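Hi everyone, thanks for making time this morning. Let me put the structure up on the screen, and then we can walk through it together.

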Amino acid sequence: MDGRIAIYPGSFDPVTAGHLDIIGRGAALFDRLIVAVAPLSTAEKRPLFTLAERVGLLREVCVPWPNVEIDSFEGLLVDYARRRGARAIVKGLGAVSDFEYEFAMALMNRRLEPGIDTLYLMTAAEFSFLSSSLVKEVARLGGELSGLVPDPVRKALAERFGGG
Ligand code: PNS
C-alpha cells in the first residue's frame, strides 16, 4: 500500500465551499485523498450537473492539493474503497440533522466491510448550513453565492440558470 489512502464520497452536485473545507482537512490527514463522485445523489433523482461536469469542476478547484485525486465510482462504496486500497472513508458533518442518516450509512458500510472505518470531520462553522441542494435553489432564484461556492461553480450555475 502506498501510504494512507482515504475516500471522500459524495454526489458533489455541485462542489461547495463546505466540501472544499473537508477536502483540505482530509488532504492534511492522509497521504492521498480520493474524492469519489457517485453518479446519483441520494436526495435527488436527477442531478443538475452530469457526472463528467461534476468531476471536471472538482478537478479544477482541487488543483491546490497535489495529493487529492478526483475519480467516480458506481456500485457499493465499500467495494470501490477496497479496490482503491483505502482503509478510511471521510465524511463531513455540519448540522446535527446529518447525524442519523450518516450513522446508519456508517454502520451499514461497516457491516458490509468491517476493515474500513468512516471518519467524520467537522465542517467549519460558517459552512455548517451549506448543502448542494440549497446552493442550487439559491442559484435558481438568482441569489448571491460568493464565498459559498468556488468561482468556477458560480459561473457554471449562472450559465445553467441564465443569470449573471
Ligand atoms: O453527497 P451525497 O448524495 O449525500 O452522497 C451519498 C453517497 C454517494 C456517499 C452514498 O449514497 C453512497 O455511498 N453511495 C454508494 C452506494 C452505496 O455504497 N450505498 C450503501 C451506503 S450504506
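Let's begin with a question: where does Phe 12 lie? Phe 12 sits in the loop that runs between E1 and H1. Before I go further, please keep in mind that this is a predicted model.

Now, Phe 12 is a nice residue to pause on. Its phi is positive, about 45°, although Phe 12 is not a glycine. With a relative accessibility of 3%, under the 20% cut-off, Phe 12 counts as buried. Tyr 8 is buried as well.

That brings me to the aromatics. There are three aromatic pairs in the structure. In one of them, the ring centres of Tyr 8 and Phe 12 are 5.2 Å apart and the planes meet at 85°, so this pair is edge-to-face; the cut-off for that label is over 60 degrees.

Let's move along the same loop. Pro 14 also lies between strand E1, residues 5-10, and helix H1, residues 17-29. Have a look at the peptide bond from Asp 13 to Pro 14: this bond is cis, with omega near 0°.

And what is Ser 132 in contact with, if we leave aside its neighbours within four places in sequence? The partners are Asp 13, Pro 14, Thr 16 and His 19, so both residues of that cis peptide bond are on the list. Ser 132 itself belongs to helix H5, residues 132-140, and at 15% relative accessibility Ser 132 counts as buried.

On to the nonpolar core. The largest one has 34 residues, and Ile 23 and Leu 58 touch the most other members. Which elements give two or more residues to this core? They are E1, H1, strand E2 (32-37), helix H2 (51-61), strand E3 (68-72), strand E4 (88-93), H5 and helix H6 (151-161). The largest share, five residues, comes from H1.

Let me zoom in on Ile 23. Beyond its neighbours within four places in sequence, Ile 23 is in contact with Tyr 8, Leu 33, Val 35, Leu 58, Cys 62, Trp 65 and Val 68. You will recognise Tyr 8 there, the ring partner of Phe 12, and Leu 58, which shares with Ile 23 the top spot for touching other core members.

There is also a second, separate core of 13 residues, and its members include Ala 36, Phe 73, Val 78 and Ile 89.

That's my tour, folks. Happy to rotate the view to any of these places!

Key. Residues numbered from 1 in each chain as written. Predicted model: local features only at pLDDT ≥ 70, side-chain atom pairs only at ≥ 80, totals over all residues. Heavy atoms only, no water. Phe/Tyr/Trp six-rings, centres within 6.5 Å; stacked < 30°, edge-to-face > 60°. Buried < 20%, exposed > 50% of the residue type's maximum accessible area, 1.4 Å probe, protein only. Helix = DSSP H or I, 4+ residues; strand = E, 2+ residues; numbered from the N terminus. Contact = heavy atoms within 4.5 Å. Core = buried A, V, L, I, M, F, W, Y, C linked by side-chain atoms within 4.5 Å.
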